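Biologist: I am new to this structure. Please pick one part of it, look at it closely, and then set it in the context of the whole.

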Amino acid sequence: MTTELDWTAEGDWTAQGDWGRRDSASRRFDLARWQARLDELRAAHHVPGASLAVLVDGVVHEVASGVLHRGTGVAVTTDSVFLSGSIAKVYTATLVMRLIDEGRLSLDTRVADVLPEFATPDPQATAQISVRQLLSHTGGVTNDFNHDSGRGDDCLAKYVEAARDVPLDCPPGTAISYGGLGYVVLGRLIEVLTGKTWDQALKDLLFTPLGLDHSMTLPEEALRFRVAMSHLGEPGADPGPAPAWDLMPRSAGPYGRVITSAGDMARLAGLHLSGGLAPDGTRVLSAQAVAAMQHRETDVPDKWTVSADGWGLGWTLYDWDGVPGYGHDGAAIGQYAYLRVVPHAGLALVLMTNGGSARLLYADLFKELLAELAGVTMPAPFGPPAQPPTVDLAPLLGTYRREGVVLTVSRAADGGARMLYEFVDGMKDMSPPLDMELTPVTPTVFAATGAGASFSEDYMPVVFSTLSNGTACVYVGMRATPKIG
């Protein structure tokens with residue numbers, strides 16, 4: 001399916017009703033060819049169903065493959081909706097920037113000045129944490145506070161109240177550490193400033209002006225559409241339907257639950273490619289806000305878990321051999337989503353899947369699409385070199401701890417390194433401990449086995465670094481875990 005937008009030479013959509021036609025010749029996108037390629041790669045990587053949307057030269061192309069549910073055999077169509085996981089953070093960040101455009105706050109507003117109920121166990125940190133820091137994951141708040149605050153409209157308020165006693169991963173401003181908790185706080189900030197629930201504010205301020213009629217936040221809204229079921233299983237085999245479609249509480253919305261079609265997500269990306277204009281010419285974001293979101297706020301020591309070279313305000317930032325881009329990844333209990341935007345090429349790619357080795361499907365498919373449509377060469381998959389370097393392990397050995405997780409790095413019997421990854425506190429029943437072998441890639445970067453194909457191909461990156469205050473830390477899954485002994 002193809003939907004056309006009107007794209008001016010300056011990069012803005014023009015107001016010509018619905019989705020207008022670009023006057024200049026567009027790059028040819030062969031729907032039949034890419035349909036066949038998606039079918040082939042999806043089957044090869046045991047992904048039950050997938051939906052692909054490509055926005056290029058103002059035209060949204062959509063193809064779908066496989067089934068929504070292996071138990072029922074219902075086919076994926078281009079209007080099917082999937083869980084987008086952490087890509088929801090881009091939506092929340094865009095909402096926050098709209099409120100900044102309206103003068104209701106600034107990037108450097110201290111969160112506690114707007115939300116007196118916001119707190120951490122460290123009063124000094126509480127007073128310091130800013131909107132900018134939460135948007136860029138530099139506020140030090142954790143990602144692993146799983147708290148079900150109920151289904152009511154007060155769920156975000158209750159979550160923020162419950163989070164007051166949750167320790168920080170690290171002091172604010174000392175490092176990037178992926179923090180979903182901060183996005184719940186931002187969601188609550190949106191509620192206080194708009195007088196609406198985060199769900200309603202998203203509808204009124206983004207979905208409606210952009211015409212995103214296949215985007216929603218609540219399960220009962222999703223049931224109006226063809227909905228992808230989550231699937232779970234071992235790598236290299238066809239997965240089965242998960243025990244539940246989505247295990248996240250309602251409070252996870254601002255960091256983890258926007259339910260959408262691939263085409264609608266591509267249209268959200270189009271808002272950012274256009275400099276802030278909706279398809280009918282309505283200005284939804286200022287050009288300054290769009291640029292600010294893409295500005296590099298911090299570098300990322302772990303450049304492999306989510307392919308990040310840096311982080312902006314909501315956006316993951318990429319550097320493909322000097323070609324800049326932005327986007328985000330998302331995972332939601334068996335569903336995986338990928339969004340990549342290449343501004344110089346006017347290109348956005350969206351892949352939504354419902355299980356299997358989705359990460360490998362993404363890597364193969366986007367490698368080809370980015371090369372053909374944007375001249376971009378994606379980096380090679382992460383893994384150990386053929387001849388691993390010799391590394392002095394002594395400075396790295398010890399115990400690292402953050403909320404919910406204890407990591408122990410030790411020397412193995414053969415002289416190599418091992419990491420024991422244990423869930424503790426409120427996370428203690430999440431999974432049995434993981435005992436991983438670490439193979440050096442560089443003196444501070446190691447490849448760990450046992451991550452699973454959908455997470456990071458065959459190897460999980462483990463990156464040793466230092467906070468700006470001098471504390472040693474280790475990154476696993478983009479979370480900074482300080483050394484305690």
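Modeller: What follows starts with the whole chain, turns to one helix, and then takes up two cysteines and two unusual loop residues.

This is a predicted model, in which local features need pLDDT of at least 70 and side-chain atom pairs pLDDT 80 or more, while totals for chains, interfaces and linings use all residues. Residues are numbered from 1 along each chain as its sequence is written, and side-chain values use heavy atoms, leaving out hydrogens and water.

The protein chain contains 14 helices and 22 strands (DSSP runs of H or I, at least four residues, and of E, at least two, numbered from the N terminus). With a radius of gyration of 22 Å, close to the 23 Å that the globule rule gives for 485 residues, the protein chain is as compact as a globular protein of that length (taken over C-alpha atoms; the rule is 2.2 Å times the number of residues to the power 0.38). Along the principal axes, the C-alpha atoms of the protein chain fill a box of roughly 65 × 50 × 45 Å. Of the 485 residues in the chain, 59% are buried (under 20% relative accessible area, with exposed over 50% and partly exposed in between, for a 1.4 Å probe and protein chains only).

The part chosen for a close look is helix 7, which runs over residues 180-194. Helix 7 has 15 residues, and the distance from its first C-alpha to its last is 21 Å. That is close to the expected 21 Å at 1.5 Å a residue (1.5 Å times one less than the number of residues). Where does helix 7 sit relative to the rest of the structure? The rest of the structure largely encloses helix 7, because 13 of its 15 residues are buried. The residue that follows helix 7 is Gly-195, and the phi of Gly-195 is positive, near 75°.

Next come the cysteines. How many disulfides does a search of the whole structure find? The search finds 0 disulfides (pairs of cysteine sulfur atoms within 2.5 Å). Cys-170 is in no disulfide, and the nearest cysteine sulfur to that of Cys-170, at 7.4 Å, belongs to Cys-473. Seen from the other side, Cys-473 is in no disulfide either, and the nearest cysteine sulfur to its own is that of Cys-170, 7.4 Å away. Both cysteines lie inside by the accessibility cut-off: Cys-170 is buried, with a relative accessible area of 3%, and Cys-473 is buried too, with a relative accessible area of 2%.

Gly-195 has a positive phi just after helix 7, but a positive phi also turns up in residues that are not glycine. One of these is His-46, with a positive phi of about 55°. Its place is the loop between helix 1 (31-44) and strand 2 (49-56). Is His-46 buried or exposed? His-46 counts as partly exposed, because its relative accessibility is 23%. Ser-307 is another such residue, and its phi is near 60°, also a positive value. The loop that holds Ser-307 lies between strand 9 (298-299) and strand 10 (310-311).

To return to the chosen part, helix 7 is a run of 15 residues, of which 13 are buried, with Gly-195 coming after its end.
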